[in-house]
Amino acid sequence: MSLTRRNFLVGAASAAGLSAMNLKAANATGLPGDTADPAAEYATLLDIEKCIGCGQCVEGCHERNGHRFPEVKKPLPVMFPPGTKDEDWSARRDVDDRLTPYNWLYIESVTVQKNGAPLELHIPRRCLHCTNPPCANLCPWGAASRQPDTGTVSIDSQTCLGGAKCRTVCPWHIPQRQSGVGLYLDLMPRFAGNGVMYKCDRCADSFAHGQLPACVEVCPQQVQTIGPRHEILAQAQQLAQKRGAYLYGVTENGGTNTFYLSPVPFSEIARQSKPGPGKPTMGPVADSMAQAGNLTRMLVAAPLVGVAGAMVNVARKGQPQPRSAHSLRDPQVETSQTGGLLKKIWVALALLLGFTGMMQLPVASRYGIAKIPGLTWTGDFYTTLSIHYALAALLLALGCYWLVVMGLGRLRGHLTFWGKVRLGVLGIVVLTGLARVAKNLPSITFSAGTTTFVDLVHLGFAVLLGIICLTLWIKGRGAWHEDD
């Protein structure tokens, strides 16, 4: 069941509302609000050979979404550090040959060769709405999110701070920033954030009330078809096979909810196009979140490795002894747990976790951290994320190792007050960290509010853990007190 301007229904709308909108439907199964298929995602198929480049889709987008375009408060804040640039498109609202905060869709025109003859193609370009979007997974405030019931990726202008991390991690660099608007003006306008990010959300508000996205509705050539993803994908593959055509968006970045059908290979289109700021590529794009699964498995395995290591260590040292005044002591084990190498590793891991957590905010480039020799990796969010995961895995393994050794009686003593505090803070860090890990998986989605809460708690307690560990280390106060 594909949907066009003549065939669309959203089951969530009331019967009276549907009647007023004069929408027709051949079959409503699987649409938003229909209980038969609550997990349906929507995808669009763009048959670019049909597009004549009339620009009505661009105009329709402006008319439908104009009330959501940013209204800038001037003068713009002077940003810190000096040299930090703002992005102001408020005087260039009429630009329609690229993506901007005021233009969420544009037409890219290229001339290619087909069967030895020139062929002009017009390609509507906008957000592709990835099935596992890095912008939503890695946004530190939950402003970018993916709606699991429709597959639409949106940015909440009320919570976005304009750090532009979403644009950096997007393979196509789709979101565009407008300074002088948004929440950052009420927080720290000079030091944190720089506006709000904007992009296509497939007219999510009107779509939820039974209207087609504006670009689909107004197109005179019916270039776009929208419907449940599995049906649109099947249709796209059938057309590609029938015509000997090519598809884009099926596997790019792990899969998207936008499929382009082209009469020529997309490598040819990519050669003829001129990608740049606001003009995404049509070239091959690897799955940017491909490592999320491997990193998750590493975190799951880490506690098991710690437990196994502790069991092996205990077995090598002999059977655990009861805690009594006459129990045998193992100086090597006890020293390593209380004041030796293990303690130093623990402190270092806590501090590095706090640092890499901070670097996952869009601050490394702005504040010059990525220019410091040895810290250039902080400018790459994916590298920083992988290092953070690896450190978290080491911390989990170390913590489980210590708990098992302690539980089996290889240590005589008890946790001090600050040891209990540190353990509690660590527990919160671990739980919120696991929630963040889960969010990076394609099958799990959090609300924007939940994401913001989890991120702030996780980051705050990670930094707190590092401070506590460093302070106790400097003062020589351990988390464990040996009984006499």
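Strand β10 (residues 258–262) is mostly covered, since 5 of its 5 residues are buried, where buried means under 20% relative accessible area, exposed over 50% and partly exposed in between, with a 1.4 Å probe and protein chains only. Both faces of β10 are covered, with Thr258, Tyr260 and Ser262 on one side and Phe259 and Leu261 on the other. Helices (H or I, at least four residues) and strands (E, at least two) are DSSP runs numbered from the N terminus. The model is predicted, so that local features need pLDDT of at least 70 and side-chain atom pairs count only at pLDDT 80 or more, while totals for chains, interfaces and linings use all residues. Residues are numbered from 1 along each chain as its sequence is written, and side-chain values use heavy atoms, with hydrogens and water left out.

Two strands pair with β10, pairing being assigned if DSSP finds at least two bridges between two strands. Strand β1 (residues 42–47) runs parallel to β10 and is joined to it by 4 bridges, with Asp47 standing opposite Leu261. Strand β9 (residues 246–248) runs antiparallel to β10 and is joined to it by 3 bridges, and here Tyr248 has Tyr260 as its bridge partner.

Tyr248 and Tyr260 also belong to the largest nonpolar core, which has 44 residues; such a core is a set of buried Ala, Val, Leu, Ile, Met, Phe, Trp, Tyr and Cys residues joined through side-chain atoms within 4.5 Å. Together with Leu121, Ile123, Trp172, Ile269 and Met282, these two tyrosines touch the most other members. The elements giving two or more residues to this core are β2, β3, β5 (153–155), β7 (196–198) and α8. Beyond residues up to four places away in sequence, Tyr248 touches, among others, Leu128, Trp172, Phe266, Met282 and Val285, contact meaning heavy atoms within 4.5 Å. A second, separate core of 20 residues includes Ala350, Leu395, Trp402 and Ala462.

The structure also holds 12 salt bridges, each defined as a side-chain nitrogen of Lys or Arg within 4 Å of a carboxyl oxygen of Asp or Glu. Three of these pairs are listed here with their N to O distances.

| Pair | Distance (N to O) |
|---|---|
| Asp88 and Lys74 | 3.0 Å |
| Glu108 and Arg125 | 2.8 Å |
| Glu268 and Arg271 | 2.6 Å |

Glu108 lies in strand β2 and Arg125 in strand β3 (residues 117–125), so their salt bridge ties together parts that are 17 residues apart in sequence. Glu108 counts as buried at 8% relative accessibility, and Arg125 is buried as well, at 0%. Asp88 and Lys74 each lie in the loop between α2 and β2, so this pair ties together parts that are 14 residues apart in sequence, and Lys74 counts as exposed at 53% relative accessibility. Glu268 and Arg271 both lie in helix α8 (residues 266–272), 3 residues apart, about one turn of the helix; Glu268 is buried at 13%, whereas Arg271 is exposed at 57%. In addition, Glu87, Arg167 and Arg177 are linked in a network of salt bridges.

At the surface, Phe80, Leu183, Leu187, Met188, Phe191 and Tyr367 make a nonpolar patch of about 530 Å². Phe80 lies in the loop between α2 (56–65) and β2 (106–114) and is partly exposed, with a relative accessible area of 34%. Patches are made of residues with over 30% relative accessible area and no salt bridge, with like charges joined within 9 Å and nonpolar side chains (Val, Leu, Ile, Met, Phe, Trp, Tyr) within 5 Å; the accessible areas come from the Shrake-Rupley method with a 1.4 Å probe, and for residues only the protein chains shown count as cover.
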